[in-house]
Amino acid sequence: MLQFSGFPEKGVEDEAILQALKPGSSSRNQGGTFMGYPQTTPHAVAIEAYLSYMEYNTNHVGVFTNSNRQLTASQKMESEVIAMLGDLYGLNEADGYITSGGTEGNILGVWIARNYFSAQKNTVALMQSCLTHESIQKAVDLTMISHVEEIALEDCHFRMDTRRLEEAIDNLISHQIYHAIIIATAGYTLTGTSDDIREINEIVIKFNKQYGFQGWIHIDAAIGGMVLPFREQENTRWFECEHVMSMTVDPHKMGYIPYSAGVFMGRKNVLSWIERNNQFSKTHVSNTLIGSRNGAAAAACWAMFQHLGYSGYKGILDDLISKKEYLLGKLLQKHIAEVISNPETNMCCLSFNSFSNCLLPGRLEQKYATRAFSIQYRGSVINCYKLYIMPHISYATLDMLYEDIMEALAESSLKPSKSEVKPQHEKVISPM
Ligand SMILES: *Cc1c(COP(=O)(O)O)cnc(C)c1O
């Protein structure tokens, strides 16, 4: 066994290294199943594509969607991946690139929009909801946007209340702020629900006509971008909404690609707002957030999109959703949980109201790799769990989960005082 003791004095034989590299049993969730996150073993084709392009670092500088230069294979694949996704989201002339993930895409969207507005010397506000992913907080911190508004959710629908968004914009205008970045989420991480992007776009149009207000809608579709188009295609041609300017999507979540592979997309030339001259190359400009990038993620995305196609992704998703409905049917029949579930996604948010404080026993949290968080629901704060039904989950696993829950319920009803258990908050959602 290789021991760690600082930077090694001498190298060791590759045999010993390969032995040490074998994934140990400790890295696996023994006897359990990973259900709390949109994560699964990547598809074999994607792994193969990734591996075959590992040794080429051809995507290291610039973006290729607007390049007329001779492109290498992975650069060409990258620009085709962006075009394929543009087709899915209603954007003919897309600009963008393969990022390290949703966080980078969200930071980029906010950064570009901030630069676009500040070039016009304008104060800019950012609107989000209490369910917005924390990567937007990082973006706000980095871009030093000081005016951030949290728009309350619509009661029980877990999406931004557009009536309150209108009030908030009205209020901005009365304070002479005419520019806002609006973060709309397609598939919230905690609930699977989505903001009404068409309605948000209509609101921006209305204030634009009336007051010259400008809104930059950035869509965080880290999860929903590889889910919703395969269930409600007409509704997800998001760029048909004229104020949708940029979006992020994570092929490494619901696209079955190895980490890390995210995509940032925007309207033509949006990247020019963050462009820098490249110090070492006269022919390239630097218009990405991170510098050197790999070409392997491009090959993996390209290979997977080609391999599965629309019908392939849809087939897998439909099957995952059937499995989810199977589990929810069993739980609801016994009235053991309150359910938040967008029927068009493969995830659900469950509050086990038959358990004390709606909390499952720790061993079940561990076995199914899911942690409790709190959310505002019908006027009170409740504990919930999110479950992602991913391709590694079988009907037998769902039966096992159900049996485990029933067994724990039988046990807990034997205990005398249940109310002493304190809720454990992973994340507290602020009240509506
Ligand atoms: C996962 C997620 C992100 C961040 O994506 P990473 O790939 O983890 O950086 C952003 N937004 C939403 C809604 C997410 O679920």
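Residues are classed here as nonpolar (Ala, Val, Leu, Ile, Met, Phe, Trp, Tyr, Cys and Pro), charged (Asp, Glu, Lys and Arg) or polar (the others, Gly among them). On this basis, the shell around the ligand in this predicted model holds nine polar, three charged and two nonpolar residues.

The ligand is surrounded by 14 residues. Those that come nearest are T103, D220, D250, H252 and K253. Two helices, α4 (102–119) and α8 (251–254), each supply at least two residues of this shell. The largest share comes from α4, with three residues.

Polar side chains reach oxygen atoms of the ligand at several points. For T103, a polar side-chain atom lies 2.6 Å from a ligand oxygen. For T189, an N or O atom of the side chain is 2.9 Å from an oxygen atom of the ligand. For K253, the corresponding separation between a side-chain N or O atom and a ligand oxygen is 3.0 Å. The ligand taken alone exposes 380 Å², and the protein buries 85% of that area.

A separate site of interest is T191. This residue sits in the loop between β4 (179–185) and α7 (197–211). The relative accessibility of T191 is 0%, so the residue counts as buried, the cut-off being under 20%. The side chain of T191 makes a polar contact of 2.6 Å with the side chain of T193. Leaving aside residues up to four places away in sequence, T191 touches L131, F158, I340, M347, C349 and I375.

Notes:
Residues numbered from 1 in each chain as written. Predicted model: local features only at pLDDT ≥ 70, side-chain atom pairs only at ≥ 80, totals over all residues. Heavy atoms only, no water. Near = heavy atom within 4 Å. Polar contact = N/O pair within 3.5 Å; in protein donor to acceptor, adjacent residues only side chain to side chain. Areas by Shrake-Rupley, 256 points an atom, 1.4 Å probe, with all protein chains shown as cover. Helix = DSSP H or I, 4+ residues; strand = E, 2+ residues; numbered from the N terminus. Buried < 20%, exposed > 50% of the residue type's maximum accessible area, 1.4 Å probe, protein only. Contact = heavy atoms within 4.5 Å.
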